[in-house]
Number of protein chains: 2
Amino acid sequence: MSREILDSVWRASGIRLIGDGVPAGDVMAAQASLTHWDEWFPYWTDLGDTYERLAREALARNRRQSAGELFWHACLSHHYAQFLWFHDSVRRDLGQMRKVALYREAAPLFAAPAIRFDVPFDGFAIPGYLRLPPGASGSLPVVIVLGGLESTKEESYRFENLCLTRGLATCTFDGPGQGEMYFQAKLRPDFHRFTSAVLDWLEKRPEIAADCIGIIGRSLGGFYAIHSAAHDPRFKACVCWGVLFDLSYYDQMRDPARRGFAFVAGYDDAEKAGPYLRDTLDLSGQAERVRCPVYALHGAQDVLIPATQVDRLRKAMAAHADMTFDIPEDGNHCCHNLYAVVRPRMADWLAERLGART
Amino acid sequence: MSREILDSVWRASGIRLIGDGVPAGDVMAAQASLTHWDEWFPYWTDLGDTYERLAREALARNRRQSAGELFWHACLSHHYAQFLWFHDSVRRDLGQMRKVALYREAAPLFAAPAIRFDVPFDGFAIPGYLRLPPGASGSLPVVIVLGGLESTKEESYRFENLCLTRGLATCTFDGPGQGEMYFQAKLRPDFHRFTSAVLDWLEKRPEIAADCIGIIGRSLGGFYAIHSAAHDPRFKACVCWGVLFDLSYYDQMRDPARRGFAFVAGYDDAEKAGPYLRDTLDLSGQAERVRCPVYALHGAQDVLIPATQVDRLRKAMAAHADMTFDIPEDGNHCCHNLYAVVRPRMADWLAERLGART
């Protein structure tokens, strides 16, 4: 079983790791070295420690940019250590916390620094980062970048860079059930209120053009993007990077993904979590309310989210005036296998809709 | 045999493709699809055509940055089509020419454009590109980036970006036997004269600080870097990205590399090329003359260039006042498997020695 999980993780996510920034040499070394899923967590944790040591060495020599990216590599290693590691919450939490701490060290060192924020809302503190295009001035369009079930605000560094180079600022945060926020709040039906709280905060920043704010979310984040845009008319563009319309397929979902949905909702038992999740994650009646332009990307070969989910979104938004579906025939989950093509394409679409340059 | 070549190419160079910019999804798809070396050239050529089509579509929509990188991906695909394809010079030449043409289209579209030059010298026109850090002004330090046996001026785009972000301008060119220049001149003993001609041209550019010029070369380019710095005292820093001191191991070298050395020297017969190559490629008596600081990187696990080559350089430069050896234990050829660590490290060293920022 342990071998099967490992194989399925590599099959579904191997290229994604590289697309998000894990060096190919590390992925290939891991593929050659690991034989069982049990070895996954300690392997990536050790690698994270190695990168952290290299980062501190670079920083001691005042090699700030290198130190920043090495801290980020350390962060990514710990992120992937706990990736899908839902059966062992002690180590999973540890991986999350190391990831968060290391990204905080990386953030000010990037060529385009990531500015940390904690927006107070309803007794929570919503953690996130704002990044501005280097050398830019005046008020800038901005894109809110949402993670999904297993991606968080620390994992979109590369996609953010695509936005920055097009003159778009970026804002990432963890919502309920995600990353750092998971320790404060589990998955809940009003994710959009957290998004709107961040939007309230963003609007007040002098660097931001309040009338040029877009949103993009990947995988489960694609759900949250539509959900947030449905509830907040201030968004001028919305990208669904992987379509998840509802959890009608929850009982067909395989572990560790199924277990993961239950986990982030605060359930130990995936079976018992079913009714709550199906009820909470459903765009019916919401998707119809989105008024801004929408771009939906979905890989026709996605084995994690079935293509029927795209059909549901298409049907719900049939009357929408400005809706683009981009369904590459050879794309896998979130088209991660086509990252060099589809990610710039989404950034271009956002830049066009928000008045930035391409 | 054809299967063996394919396996050895993947083993030696699989990660290098990704490090140089080939999307991981393309490499993994090729690994899953190709079964014989014969299929290599057409596979990558087809992919190059696909990227070219995507590039033209992006350009038609005025998505300039995406178009630039898609043209570059097309260029890289054609580059790797002809990579090590020494047994079929007709198709190899075709691949080279497509690569060159596509990079010319990409060059002005990059966020940091590549400015084409053709420096007249001795009846030749030395083709190359100059790139400047975006937003920079005043006179800038610059790094000359050399390719090797199978890397050319089009393949260092990513490494150049690491330099640019550190405030270093970059200058790449093809010397005798390399890329576009191969059609004018085969491998010859006075490569350094071509480097110096480019340096003469660079010194006259108003954007360039003539007293802050460094050089880096990879693999056979590491030889050319030392060789050029030995003959031209104007270099202030020299990086040997993979140490090649001489061809004393030529008879132990395996195909297609051995055939490749003969090919770029204009020989059909690798056996017959031996004496000329051994005589022409030898740093004895040259390395001793280098006065500027030198940084030499070599992977201890390099199976293409034996570690004894490092010993030879170490011995020849024993009296050098500022010589750094960086020999990662787990590094392969040029440490391509460690690209995320060693490439920024070399860029940092260059930036420090040339007075740029890190």
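H3 and H5 of chain A are roughly parallel to each other, a label given to angles under 35 degrees, while over 145 counts as roughly antiparallel, 65 to 115 as roughly perpendicular and the rest as oblique. Their axes come within 12 Å and cross at roughly 20°. An axis here is a line fitted to C-alpha atoms, for helices over the stretch in contact, and angles run from 0 to 180 degrees between N-to-C directions. Helices (H or I, at least four residues) and strands (E, at least two) are DSSP runs, numbered from the N terminus.

This is a predicted model, in which local features need pLDDT of at least 70 and side-chain atom pairs count only at pLDDT 80 or more, while totals for chains, interfaces and linings use all residues. Residues are numbered from 1 along each chain as its sequence is written, chains are lettered from A and ligands numbered from 1 in the order in which they are written, and side-chain values use heavy atoms, with hydrogens and water left out.

**Helices H3 and H5 of chain A**

The crossing of H3(A) and H5(A) is left-handed, meaning that the near helix is turned anticlockwise from the far one by less than a right angle; clockwise would be right-handed. On the H3(A) side, the residues that meet H5(A) are Phe41(A), Pro42(A), Asp49(A), Glu52(A) and Arg56(A). Their partners in H5(A) are Arg91(A), Arg92(A), Gly95(A), Arg98(A), Leu102(A) and Glu105(A). Contact means heavy atoms within 4.5 Å. By class, this contact has three nonpolar, one polar and seven charged residues. Ala, Val, Leu, Ile, Met, Phe, Trp, Tyr, Cys and Pro count as nonpolar, Asp, Glu, Lys and Arg as charged, and the others, Gly among them, as polar.

Glu52(A) belongs to H3 of chain A, residues 40-60. With a relative accessible area of 16%, Glu52(A) is buried. Buried means under 20% relative accessible area, exposed over 50%, and partly exposed in between (1.4 Å probe, protein chains only). Apart from neighbours within four places in sequence, Glu52(A) is in contact with Phe71(A), Ala74(A), Arg98(A) and Leu102(A).

Arg104(A) is in H5 of chain A. Its relative accessibility is 42%, so Arg104(A) counts as partly exposed. Not counting residues up to four places away in sequence, Arg104(A) touches Arg116(A), Tyr129(A) and Glu180(A). The C-alpha atoms of Arg104(A) and Gly68(A) are 9.8 Å apart, with the two positions 36 residues apart along the chain.

**Helices H9 and H10 of chain B**

In chain B, H9 (residues 257-264) and H10 (residues 270-280) pack at an angle of about 65°, with their axes 9 Å apart. That makes H9(B) roughly perpendicular to H10(B). H9(B) contributes Arg258(B), Arg259(B), Phe261(B) and Ala262(B), which meet Ala270(B), Glu271(B), Ala273(B) and Leu277(B) in H10(B). Five nonpolar, no polar and three charged residues make up this contact.

Which residues of H10(B) are buried? They are Ala270(B), Ala273(B), Gly274(B), Leu277(B) and Thr280(B). These cover an arc of only 155° around the axis, which puts them on the same side of H10(B); the arc is that of the directions from the helix axis to the C-beta atoms. An α-helix has 3.6 residues a turn, so residues three or four places apart point the same way. The face turned away from the buried side of H10(B) carries the exposed residues Glu271(B), Lys272(B), Pro275(B) and Asp279(B). Helix H8 (220-231) and H9 of chain B are included in what covers the buried residues.

**Backbone exceptions**

Most residues other than glycine have a negative phi, and most peptide bonds are trans. The table lists some exceptions.

| Place | Feature | Value |
|---|---|---|
| Asp255(A) to Pro256(A) | cis peptide bond | omega near 5° |
| Asp255(B) to Pro256(B) | cis peptide bond | omega about 5° |
| Cys334(A) | positive phi | about 60° |
| Leu84(B) | positive phi | near 65° |

Pro256(A) lies in the loop between strand S6 (237-241) and helix H9 (257-264) of chain A. Pro256(B) is in the loop between strand S6 (237-241) and H9 of chain B. Cys334(A) sits in the loop between strand S8 (323-326) and helix H12 (339-353) of chain A, and counts as buried at 1% relative accessibility. Leu84(B), in the loop between helix H4 (64-82) and helix H5 (89-106) of chain B, counts as buried at 13% relative accessibility.
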